[in-house]
Amino acid sequence: MKTCGTCGRLVLDYAEFPCPNPGDDKGVIIRCKFCRENENTYSCPECGFTGP
Ligand SMILES: [Zn+2]
Ligand SMILES: [Zn+2]
């Protein structure tokens, strides 16, 4: 389980992808299925980048 970066819940079903900010090569974004389906905004824990 990991913590969803959007809703903060512990989730089993999630997507994990690198931060889309080209200046950030460390950030990893975790977004759960619920947040993905609802197109909730995510934010990168490293650089604060937000995206749909
Ligand atoms: Zn979530
Ligand atoms: Zn980032």
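A: Let us begin with a definition: a nonpolar patch joins nonpolar side chains (Val, Leu, Ile, Met, Phe, Trp, Tyr) within 5 Å, from residues with over 30% relative accessible area and no salt bridge. Accessible areas are Shrake-Rupley values with a 1.4 Å probe, and only the protein chains shown count as cover for residues. A salt bridge is a Lys or Arg side-chain nitrogen within 4 Å of an Asp or Glu carboxyl oxygen.

Q: Which residues make a nonpolar surface patch here?

A: M1, L10 and L12 make one of about 390 Å². L10 sits in strand β2; strands are DSSP runs of E with at least two residues, helices runs of H or I with at least four, both numbered from the N terminus. L10 counts as exposed because its relative accessible area is 56%, and the cut-offs are under 20% for buried, over 50% for exposed and partly exposed in between.

Q: What should I know about the model before reading on?

A: This is a predicted model, where local features need pLDDT of at least 70 and side-chain atom pairs pLDDT 80 or more, while totals for chains, interfaces and linings use all residues. Residues are numbered from 1 along each chain as its sequence is written, chains are lettered from A and ligands numbered from 1 in the order written, and side-chain values use heavy atoms without hydrogens or water.

Q: Now the metals. Which residues coordinate the zinc ion (ligand 1)?

A: Look for donors, meaning N, O and S atoms within 2.8 Å of the metal (3.2 Å for Na, K and Ca). For the zinc ion (ligand 1) they are the SG atoms of C4, C7, C32 and C35, at 2.3 to 2.4 Å. Along the chain, these donors follow the spacing C-x2-C-x24-C-x2-C. C4 is in the loop between β1 (2-3) and β2 (10-11), while C32 is in strand β4 (residues 28-32), so this pair ties together parts 28 residues apart in sequence. Both C4 and C32 are buried.

Q: What makes the arrangement around the zinc ion (ligand 1) tetrahedral?

A: Check the angles: four donors are called tetrahedral if all angles lie between 85 and 135 degrees. Around the zinc ion (ligand 1), the four donor atoms subtend angles of 103 to 115°, so the arrangement is tetrahedral.

Q: And what are the protein donors of the zinc ion (ligand 2)?

A: This site includes an oxygen donor: D24 (OD) joins C19 (SG), C44 (SG) and C47 (SG), at 1.8 to 2.3 Å from the zinc ion (ligand 2). The spacing of these donors is C-x4-D-x19-C-x2-C. Angles of 104 to 112° make the arrangement tetrahedral. C44 is buried because its relative accessibility is 4%, whereas C47, at 36%, is partly exposed.

Q: How many salt bridges are there?

A: The count is three, so let us walk through them. E16 and K2 meet at 3.2 Å, N to O. E16 belongs to strand β3 (residues 14-18) and K2 to strand β1, so the bridge ties together parts 14 residues apart in sequence. E16 is partly exposed at 43%, and K2 is partly exposed at 33%.

K26 and E46 meet at 3.9 Å, N to O. They link distant parts of the chain: K26 is in the loop between β3 and β4, and E46 in the loop between β5 (42-43) and β6 (50-51), 20 residues apart. K26 is exposed at 58% relative accessibility, while E46 is partly exposed at 47%.

Q: Where do E37 and K33 lie with respect to each other?

A: Both are in helix α1 (residues 33-37), and because they are four residues apart, about one helical turn separates them. Their side chains form a salt bridge of 3.1 Å, N to O. E37 is exposed at 54%, and K33 is partly exposed at 35%.

Q: How do I read the phi angle of E39?

A: Start from the general rule that most residues other than glycine have a negative phi. E39 has a positive phi, near 55°, and is not a glycine. You will find E39 in the loop between α1 and β5, exposed at 64%.

Q: Which residues does P52 contact, leaving aside its neighbours within four places in sequence?

A: Contact means heavy atoms within 4.5 Å, and P52 touches R31 and Y42 in this sense, leaving aside those neighbours. P52 lies in the segment after β6 and is exposed, at 77% relative accessibility. The C-alpha atoms of P52 and N40 are separated by 6.6 Å, although these residues are twelve apart along the chain.

Notes
Four donors count as tetrahedral if all angles lie between 85 and 135 degrees; four count as square planar and six as octahedral if opposite donors are over 155 degrees apart and all others between 65 and 115; anything else is irregular. Buried means under 20% relative accessible area, exposed over 50%, partly exposed in between (1.4 Å probe, protein chains only). Patches are made of residues with over 30% relative accessible area and no salt bridge: like charges are joined within 9 Å, nonpolar side chains (Val, Leu, Ile, Met, Phe, Trp, Tyr) within 5 Å.
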